[in-house]
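Thanks for coming. I have one complex to go through today, chain by chain and then across the contacts. Please have the viewer open.

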Amino acid sequence: MSASHASTPARHGHAAHSHVARYLRVWLALMVLTALTWGLSRLHIPGGAGVAVALAIASVKGGLVALFFMHLYDQRGANRLVFLTSLVFVALLIGLTLLDNATRFPLANPPDAGTSPRQVRDAILGSQPPATPHPASH
Amino acid sequence: MSPLPASEAPVYAERNYLNTPATGLRSWLTTLDHKRIGVMFLIATTIAFATGGFFALLIRLELLTPGPTIVDAMTYNRLFTLHGVVMIFLFMIPAIPSGFGNFLLPIMVGAKDVAFPRLNLLSFYLYLLGAVIALWGMIHGGADTGWTFYTPYSTTTPTKVVPILLGAFVLGFSSILTGLNFIVTTHTLRAPGITWNKLPLFVWSIYATSIIQILATPVLGMTLLLVAVEHAFGWGIFDPARGGDPVLFQHFFWFYSHPAVYIMILPAMAVISEVVCAFSRKNIFGYKAVAYSSLGIAFVGFFTWGHHLFTSGQSAYNAGVFGVLTMFVGIFTAIKIFNWVATLYKGSISFKTPFIYFVGFLFFLFFGGMTGVALATVSLDIHWQDTYFVVAHFHFIMVGSTMMGFLAALHYWWPKITGRMYNERWGLVAAVFVILGFIFTFLPQFLLGNEGMPRRYFNYPERYWALNVASTAGASVLAIGFTIVLVYILVALRHGEVAGPNPWGSRGYEWLTASPPPLENFEEVPEFRRGPHEYHDLPGEAAAPAAGAAPGASHV
Amino acid sequence: MSSGAANPALAHHFESLEKQAHAQRLGMWLFLATEILLFTALFAAYGVYRFLYADAFSEASRGLATWMGGVNTFVLVTSSLTVALGLDAAARGDGRRSGGLFFLSIGMGLVFMALKAVEYRHHFASGELPGQYYTAGAIAGSGGALFFTLYFLITGLHAFHVLIGMTVLGVIGVKSWRGAYSPEYHVPVELAGLYWHLVDLIWIFVFPLIYLI
């Protein structure tokens, strides 16, 4: 084992200087974004848009944690590739499974689920469901 | 390195991993040497294979007559469940990667060990723990749900499904740790000169397998846990009576289990890529195509799970999507088959036992794969789903391809692992039994399935009798073949001819070191200048090996 | 540091401490990927059932103490900050500070667990329990029971990971305090931090999905 390897100060893919300021800024951003998502939830944005907004803010927060607290910002490609690839498969499992229930003949879904085509439309667009639900048309 | 001159007798390496740093059970059970761990996995998975095979023989015996033959219906349900669970989780998933992969991968990248040797040992103990938990469940009656554990039956059956689920959960961790180790080893421990484009094709396929293990297994873990929780506590995630969707279980289960079949076939393909080059003494045709198609299978394999749900109540839209995506994954296997066959062209074929298994592998992968594409056609699957057609399809791949790959690996690398050659004539005899036995076991099952015989059925109408008898007869021949292999391979441990570092004259990197290898794999790590499957001589190298060329030459 | 002898942390099969550190980090990221996929199955179940029982899930979610979820988010995010600062201290060789910051993070983890315990107590008391044990009855149909089944599964699994994370931080924190690490070698501190940040990252998604929408 060559001694010269041991004498090199270990470099961890980021510079040796302190990152404290960066961490504090990220923490502040996370706090603000948390307050933001909580505030927006009070507006009760209807249907799919509300979910989308919440997930978008969560993604930004998650991205900040991954990039800066977990140092993906200053590390090698392999780690980033692993993280991003896992996200692709998260989307795949959730997406295609949801697509099944969303595109089924409504009676093939659990009986008291709200999945007639009209109900699905209402859920996504956020309009009020009618007092007497219409029979499922297919 | 050039093959040895005929005059030089092969040498058995006296100080090797089998006796360094110590001998005795304790040194093996606490080893951190990837080669010993690989050997222990091979032994354990072989015992598992024998167990699963025993269940298979009981199944085939029961199906010898249309009515009850040797067991009752409830027992029969447990038999096919345990056959599936043992074969898949205790043999097919771990055998080639954790057995041969562990032994060979570090050597093939010029490393001294895997990246995390202690995690490697842990993965072995997790395998044993999972096996013991599942075994406990089996002894206490086992499960009768099929290895697929479909809800709502699996959440309500009175049989011992929970220990089997937990055993499989623990086995999943073993699988994850192996995959993790291999990926990190491939990224960080390659010797100088072994670039990504000079990686042996075995490593590429094992690497792809490892990606699947990392990404898919956790989903299975969660799914099995959910079933266990629902079975134990009745929380109702998959229970229609509580508003749950039983098909949701199938989505989660097959999200793992379809990529799992690629965990089972990719390592066999890894072996075949090595064997085809060594036994045609020719560089692989289309290295990049073969290498990248492994990654293709690994990724695209994740997009296809819904083809298991064609008749389960999935939306027609989803069925269409999955049907098309499933067609795509066949392309990569086709690429491989084309390239392997093209490698044979103008090669110098050596018709030894590993090559015979390659031939079997080729035909059965081709045929089995084609029936897979046929099954991916939704309209055809309506007729074939849950019949013996499906059973035959996956056994063609799992036994006809993966098992043949395992046997090819066993014979190809036996001299490297043990330092001794097996008896080639017995190898041929056993291969004939295995291949013929295989054909007679599973080809009739395609016909049975197409005629409408359902799978997992304890009884059948008389018109299926003849083909079932044929299938059982084939299974007996297959069992005899495997037994013959076991006998002569064990005999070879004591009485086999000394193999020397490279009895096959192969250009693979693992043949650059002694047989059996020393503790740290290479006495001196070679300079890797040529590719791992290069059989032409570099300029300046003599066509005939120089007299007195020593084994373990320091450069290739 | 040039003592001429290899750092005792260097394993025999790695050629340098740097390569080994890279390998350890990559190994950790692969393990984190498995944790992400583990939770994904639960998130997928949540997604499906939220889609199927949208109204019931919204109503059930409104019944939760959102302020507790919010406070827990603040606590966890801040504990991520202290862990990051702990790694920074370790990189500068200040083992005491690093260990201390990790202990602070553990403390915040305890606050998180305490708030969750309070929440769980409330749910037990009001019959908001999984599956067949759901007796709250305020929501028609199966949606309420399913919401709480998923609520307990997701937050329960997450809390389990918080406990593991706290244990890991504890072990590494003690070793840091005792001077086991140096600017040349403090990879275990980094790896422990990565695990804790993942626990935080998962909560960042759990909070809006369970409490806010």
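A residue counts as buried here if 20 or more other C-beta atoms lie within 10 Å of its own, as exposed if there are 12 or fewer, and as partly exposed in between. By that rule, 28% of the 138 residues of chain A are buried. Keep in mind throughout that this is a predicted model.

Confidence next. For the complex, the predictor reports an ipTM of 0.94 and a pTM of 0.92. Chain C has a mean pLDDT of 94, with 98% of its residues at 70 or more. For chain A the mean is 81, and 74% of the residues reach 70 or more. Where in chain A is confidence lowest, and where is it highest? The lowest is α1(A), with a mean of 39, and the highest is α2(A), at 96. Residues 1-15 of chain A stay under 50 in pLDDT, although the model has 26 contacts for them beyond four places in sequence. Where pLDDT is low, the predicted coordinates should not be read in detail.

Now the fold of chain A. The chain has five helices and zero strands, so in order from the N terminus the elements are α-α-α-α-α. Taking contacts in chain A between residues at least 6 apart in sequence, 50% join residues at least 24 apart.

The domain assignment splits chain A into domain 1, residues 21-75, and domain 2, residues 76-129. Their centres, taken over C-alpha atoms, are 22 Å apart. Seven residues of domain 1 and eight residues of domain 2 make up the contact between them. On the domain 1 side of that contact there are four nonpolar, three polar and no charged residues.

One helix of chain A to look at is α3(A). This helix has 23 residues and spans 33 Å from first C-alpha to last, close to the 33 Å expected at 1.5 Å a residue. Its buried residues include A:Val51, A:Ala54, A:Ile57, A:Lys61, A:Phe68 and A:Phe69. What covers the buried residues of α3(A)? The cover includes α2 and α4 of chain A, together with α3 and α6 (187-212) of chain C. Just after α3(A), A:His71 has a positive phi of about 65 degrees.

That brings in the contact with chain C. Here 51 residues of chain A meet 54 residues of chain C. On the chain A side, α1 (3-7), α2 (20-42), α3 (47-69) and α4 (77-103) each supply at least two residues. Which helix gives the most? It is α4(A), with 13 residues. By class, the chain A side has 30 nonpolar, 17 polar and four charged residues.

From chain C itself, I will show α3(C), residues 66-91. It has 26 residues and reaches 38 Å from its first C-alpha to its last, close to the 38 Å expected. Most of α3(C) is covered, with 19 of its 26 residues buried. C:Gly93, just after α3(C), takes a positive phi of about 85 degrees.

Chain A also touches chain B. In that contact, 14 residues of chain A meet 17 residues of chain B. The chain A side has eight nonpolar, three polar and three charged residues.

Two places in chain B. The first is helix α4(B), residues 95-108, with 14 residues and a reach of 18 Å from first C-alpha to last, close to the 20 Å expected. Where is the kink in α4(B) centred? The kink is about 55 degrees and is centred on B:Gly101. As for burial, 14 of the 14 residues of α4(B) are buried. Just after α4(B), B:Gly110 has a positive phi of about 75 degrees.

The second is B:Trp147, in the loop between α5 (117-139) and α6 (153-156) of chain B. Why is B:Trp147 classed as partly exposed? Because it has 18 other C-beta atoms within 10 Å, and the buried class needs 20 or more. Leaving out residues up to four places away in sequence, B:Trp147 touches B:Thr81, B:Gly84, B:Val85 and B:Ile88. B:Phe80 is 67 residues from B:Trp147 along the chain, and their C-alpha atoms are separated by 7.9 Å.

That is the last item I have.

Definitions and conventions:
Residues are numbered from 1 along each chain as its sequence is written. Chains are lettered from A and ligands numbered from 1 in the order in which they are written. This is a predicted model: local features need pLDDT of at least 70, side-chain atom pairs count only at pLDDT 80 or more; totals for chains, interfaces and linings use all residues. Two residues are in contact if their C-beta atoms, placed from the backbone, lie within 7 Å. Helices (H or I, at least four residues) and strands (E, at least two) are DSSP runs, numbered from the N terminus. Ala, Val, Leu, Ile, Met, Phe, Trp, Tyr, Cys and Pro count as nonpolar, Asp, Glu, Lys and Arg as charged, and the others, Gly among them, as polar. The expected span of a helix is 1.5 Å times one less than its number of residues. pLDDT is the predictor's confidence in each residue, from 0 to 100. Domain bounds come from an automatic or database domain assignment. The bend at a residue is the angle between axes fitted to the seven residues ending there and the seven starting there.
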